[in-house]
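Open the model in your viewer and keep the sequence panel beside it. The stops below say what to select next and what is there.

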Amino acid sequence: LQVAAELNAKEKAWALFDRIVAHAAPENSHRNPWVQQHEGILCYEPDVDTLSRLLGVPLYLNAESRTGVPALALDVWLSYELRRAGFDYDAVWPRPIHPRILPKPIASLLKALPAKERAQLHDRLTRNSAITGVTSSNASILGKNYLKQVDVIMTDWATGPELLISTKRMDSSYGKNAPNRIEESYGDAKNLRLRHPLAAVGFVFGLRSDILQEEPDTAEWLMDLLIKLGREEDAYHATCLIMMEYSDAVNVNSHAEGLEPRTVTKPVTAEEAVTVSAFDADLNIEALPPVKILSDKVPPELSPGRFLSEMVTRVLDTTPVTMHREARRRRREAANSR
């Protein structure tokens, strides 16, 4: 039996996101993001080039907000940055491979098994259907009063949630949508902080730059509220604004190469197989639709570098020195460099 299945927008996006992240960190080797600036101040330098490429994927796919792909680009970048900071590959979700959500002890078990058993378990874990309580495409965490889907998370059974980041994105209808997004984010922060007071809780907001021309008052109001959300004792530990500039006149067919569909046959049982339309991995990522990050339009309190520094530092400050050794080593190495 052959079943033809067309990939949805999110599945197509993951194929491209994975390619971009793999290019930025060959063989999962990440550059140290910490640098020492003037007067010995330690700063986190985010990989803005990789962020720009990831943000080009929704444009290439013409993916609308309802698909979840535009906001997913932010999630992928944040999880990539946390691995750059030195946190464990399997502890940060979403992972850069399928399944996106996989508890660390399960990943450790997979690595420890003999080859034959490892192959069998890997095959079961990587099937399209999720295993309840083990694998998933997204993670929900119980707050004080309700379950909340968290976009980027670092957790383990032994520690509980250590880092929780929510992301939202707005590319149009600013005056209409902005109040709702802010109200939702404030409620989510209180819900999570009250049950997980030691976890680093953050909020990242992606905003298209044309708001500065179309609705400057709304832009000013949003930035002010985002700064205040990062100062509240019962809200977020840090907040971030990513200002994105891109053109409406993006001709996606002229910006990407090597994305011809191909057919992959994947056995499901001994009796049947599924035929899936996938994307070729040979993508010229330099040719994706361009997205510029306008760092100079964002207040320093909302900069991505400050946000990531606050998140990483809080995790390290609230855990024993025997944990997250690689993340600590990277900060120490940068601090000791002259």
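Start by selecting lysine 168 and glutamate 184, whose side chains meet in a salt bridge with N and O 3.4 Å apart. This is a predicted model. Lysine 168 belongs to strand β8 (residues 160-170) and glutamate 184 to helix α6 (residues 174-195), so the pair ties together parts that are 16 residues apart in sequence. Lysine 168 counts as buried, at 17% relative accessibility, while glutamate 184 is partly exposed, with a relative accessible area of 33%.

**More salt bridges**

Next, select arginine 169 and aspartate 171. These two form a salt bridge, and their closest N and O atoms are 2.9 Å apart. Are they buried or exposed? Both aspartate 171 and arginine 169 are buried.

Now select glutamate 64 and arginine 66. Their side chains also meet in a salt bridge, at 2.8 Å from N to O. Arginine 66 has a relative accessible area of 73%, so it is exposed, the cut-off for that word being over 50%. Glutamate 64 is partly exposed, at 45%.

How many salt bridges does the structure hold? The count is 19.

**The whole chain**

Zoom out and colour by secondary structure. The protein has 10 helices and 13 strands. Of its 338 residues, 49% are buried. Take the contacts between residues at least 6 apart in sequence: 72% of them join residues at least 24 apart.

**Helices α1 and α2**

Select residues 9-24, which are helix α1, and residues 48-61, which are helix α2. The two pack at an angle of about 155°, and their axes are 10 Å apart. At that angle α1 and α2 are roughly antiparallel to each other, and their crossing is right-handed. To see the contact, show side chains on both helices. On the α1 side the contact residues include Leu16, Phe17, Ile20 and Val21, and on the α2 side they include Arg53, Leu54, Val57 and Tyr60. By type, the residues of this contact divide into 11 nonpolar, 2 polar and 2 charged.

**Helices α2 and α3**

Keep α2 and add residues 69-84, which are helix α3. The axes of α2 and α3 come within 8 Å and cross at roughly 155°. That angle makes α2 roughly antiparallel to α3. The crossing of α2 and α3 is right-handed. Thr50, Leu51, Leu54, Leu55 and Pro58 are the α2 residues to show here, and they meet a set in α3 that includes Val69, Ala73, Trp77 and Tyr80. The residues of the contact of α2 with α3 divide into 11 nonpolar, 1 polar and no charged.

Before leaving these helices, select asparagine 62, found in the loop between α2 and α3. What is the sign of phi at asparagine 62, a residue other than glycine? Phi is positive there, near 55°. Asparagine 62 counts as exposed, at 56% relative accessibility.

**Two cis peptide bonds**

Move on to the loop between β4 (92-93) and α4 (104-112), where proline 94 is found. A cis peptide bond joins tryptophan 93 and proline 94, with omega about 5°. Proline 99 is also in the loop between β4 and α4. The peptide bond from histidine 98 to proline 99 is cis, with omega near 0°.

**Arginine 306**

Select arginine 306 in helix α9 (residues 304-317). Arginine 306 counts as partly exposed, at 35% relative accessibility. Leaving aside residues up to four places away in sequence, arginine 306 touches Pro300 and Glu301. Add threonine 239 to the selection: it is 67 residues from arginine 306 along the chain, yet their C-alpha atoms are separated by 9.0 Å.

**Histidine 324**

The last stop is histidine 324, in the loop between α9 and α10 (325-336). Phi of histidine 324 is near 55°, a positive value in a residue other than glycine. Is histidine 324 buried or exposed? With a relative accessible area of 18%, histidine 324 is buried, since the limit for that word is under 20%.

Technical notes
Residues numbered from 1 in each chain as written. Predicted model: local features only at pLDDT ≥ 70, side-chain atom pairs only at ≥ 80, totals over all residues. Heavy atoms only, no water. Salt bridge = Lys/Arg side-chain N within 4 Å of Asp/Glu carboxyl O. Buried < 20%, exposed > 50% of the residue type's maximum accessible area, 1.4 Å probe, protein only. Helix = DSSP H or I, 4+ residues; strand = E, 2+ residues; numbered from the N terminus. Axes fitted to C-alpha atoms, helices over the stretch in contact; angles between N-to-C directions. Parallel < 35°, antiparallel > 145°, perpendicular 65-115°, else oblique. Left-handed = near helix turned anticlockwise from the far one by under 90°. Contact = heavy atoms within 4.5 Å. Nonpolar A, V, L, I, M, F, W, Y, C, P; charged D, E, K, R; others polar.
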